[in-house]
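Please look over the model shown here and work through its fold with me, one question at a time.

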Amino acid sequence: VGYRVKDIVLGAYASAEAVLTEDEKEIGVLVIDIGGGTTDTTVYMGGSMQHSFVFPFAGQAVTKDISYGLKTPDAAAEMIKLNYGCASSHIVNPHEVVEVPSVGGRNPRKMEKMILTSIIEPRIEEILGQIHNELVQKGLLKHLSAGIVITGGTSQMPGILDIAERIFNLPARVGHPR
């Protein structure tokens with residue numbers, strides 16, 4: 001059984017097609033696909049894609065920030081991000097603790113989850129803030145009546161919708177493939 005490539009499409013377009021409703025595409029929506037290496041964005045208005053742009057910061061930048069900030073290897077930082085990561089300090093239990101693997105055979109350390117969030121939150125704000133600035137410069141923000149749909153691995157992080165809604169002053173949801 002052989003498979004053949006039928007066509008090639010822009011990744012941001014494919015993501016948008018997988019997660020958007022026809023109503024969202026018609027009245028204006030922004031799709032933010034936060035991948036590992038890049039954040040791809042797509043603006044739909046009037047039923048079709050009107051604008052797309054890519055930023056070179058995404059989930060891997062968050063992992064690197066955690067690795068540097070907590071002084072732990074990248075693989076451990078990725079695990080910490082996936083299991084304990086939170087994008088908004090407003091929803092973190094200030095008494096919750098996470099275990100952070102050390103390097104060189106040292107014992108793991110216990111650390112308040114709030115410290116982890118204080119590393120993640122500024123990077124998420126930076127990524128979303130750059131997108132906001134691009135939309136304002138292009139005059140597109142006012143056309144996004146359906147709000148924002150965030151997809152990609154980082155979209156699963158608790159608190160990301162809170163930050164998106166605060167930065168864009170628009171409703172946001174996580175996009176799951178239909």
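The questions below go from the overall fold to the sheet, the helix packing and the largest pocket of this predicted model.

Q: Which pattern of helices and strands does the chain follow along the sequence?
A: In this predicted model, the chain has 6 helices and 7 strands, and its C-alpha trace spans about 55 × 50 × 25 Å along the principal axes. Read along the sequence, these elements follow the pattern α-α-β-β-β-α-α-β-β-α-β-α-β.

Q: What is the strand order of the open sheet of 5 strands?
A: Strand 3 and strand 7 (172-174) are the edge strands, each pairing on one side only, and the twist from one strand to the next averages 20°. The pairing within this open sheet is mixed. Read across the sheet, the order of the strands is 3-2-1-6-7.

Q: How many bridges join strand 2 to strand 3, and which residue stands opposite T42?
A: Strand 2 (residues 39-45) and strand 3 (residues 48-55) run antiparallel and form a hairpin with 2 residues between them, where G46 in the turn has a positive phi of about 60°. The two strands are joined by 7 bridges, and the residue of strand 3 that stands opposite T42 is S52.

Q: In which sense do strand 6 and strand 7 pair, parallel or antiparallel?
A: Strand 6 covers residues 148-151, and its pairing with strand 7 extends over 3 bridges. Within this pair, I150 stands opposite V174 of strand 7. The sense of the pairing is parallel.

Q: At what angle does helix 5 run to strand 3?
A: Helix 5, which covers residues 113-138, lies across strand 1 (29-34), strand 2 and strand 3. Its direction relative to strand 3 is given by an angle of about 135°.

Q: How far apart are the axes of helix 3 and helix 5 where the two pack?
A: Two packed helices are described by the angle between their axes and by the distance between those axes. For helix 3 and helix 5 the angle is about 145°, and the crossing is right-handed. The contact is made by A61, V62, D65, I66, G69 and L70 of helix 3 together with I115, L116, I119, I120, R123 and I124 of helix 5, a set that divides into 9 nonpolar, 1 polar and 2 charged residues. The distance between the two axes is 9 Å.

Q: At roughly what angle do helix 5 and helix 6 cross?
A: The axes of helix 5 and helix 6 (residues 160-168) come within 10 Å, and their crossing is right-handed. On the side of helix 5 the residues that meet helix 6 include E121, I124, L128 and H132, and their partners in helix 6 include I160, I163, R166 and F168. The residues of this contact divide into 9 nonpolar, 2 polar and 3 charged. The crossing angle is roughly 35°.

Q: How much space lies in the largest pocket, and which residues are the closest to its centre?
A: The volume of the largest pocket is about 180 Å³. Of the 13 residues that line this pocket, the closest to its centre are K81, L82, G153, T154 and M157.

Q: Which elements give two or more residues to the lining of the largest pocket?
A: The residues of this lining divide into 4 nonpolar, 8 polar and 1 charged. The elements that contribute two or more residues to the lining are helix 3 (59-70) and helix 4 (74-84).

Terms used:
Residues numbered from 1 in each chain as written. Predicted model: local features only at pLDDT ≥ 70, side-chain atom pairs only at ≥ 80, totals over all residues. Heavy atoms only, no water. Pairing = 2+ DSSP bridges. Helix = DSSP H or I, 4+ residues; strand = E, 2+ residues; numbered from the N terminus. 1 Å grid on protein atoms, 1.4 Å probe; cavity = no way out; pocket = protein on both sides within 12 Å on 5 of 7 lines; lining within 4 Å. Points joined across faces, edges and corners; volume = space filled by probe spheres on them. Nonpolar A, V, L, I, M, F, W, Y, C, P; charged D, E, K, R; others polar. Axes fitted to C-alpha atoms, helices over the stretch in contact; angles between N-to-C directions. Left-handed = near helix turned anticlockwise from the far one by under 90°. Contact = heavy atoms within 4.5 Å.
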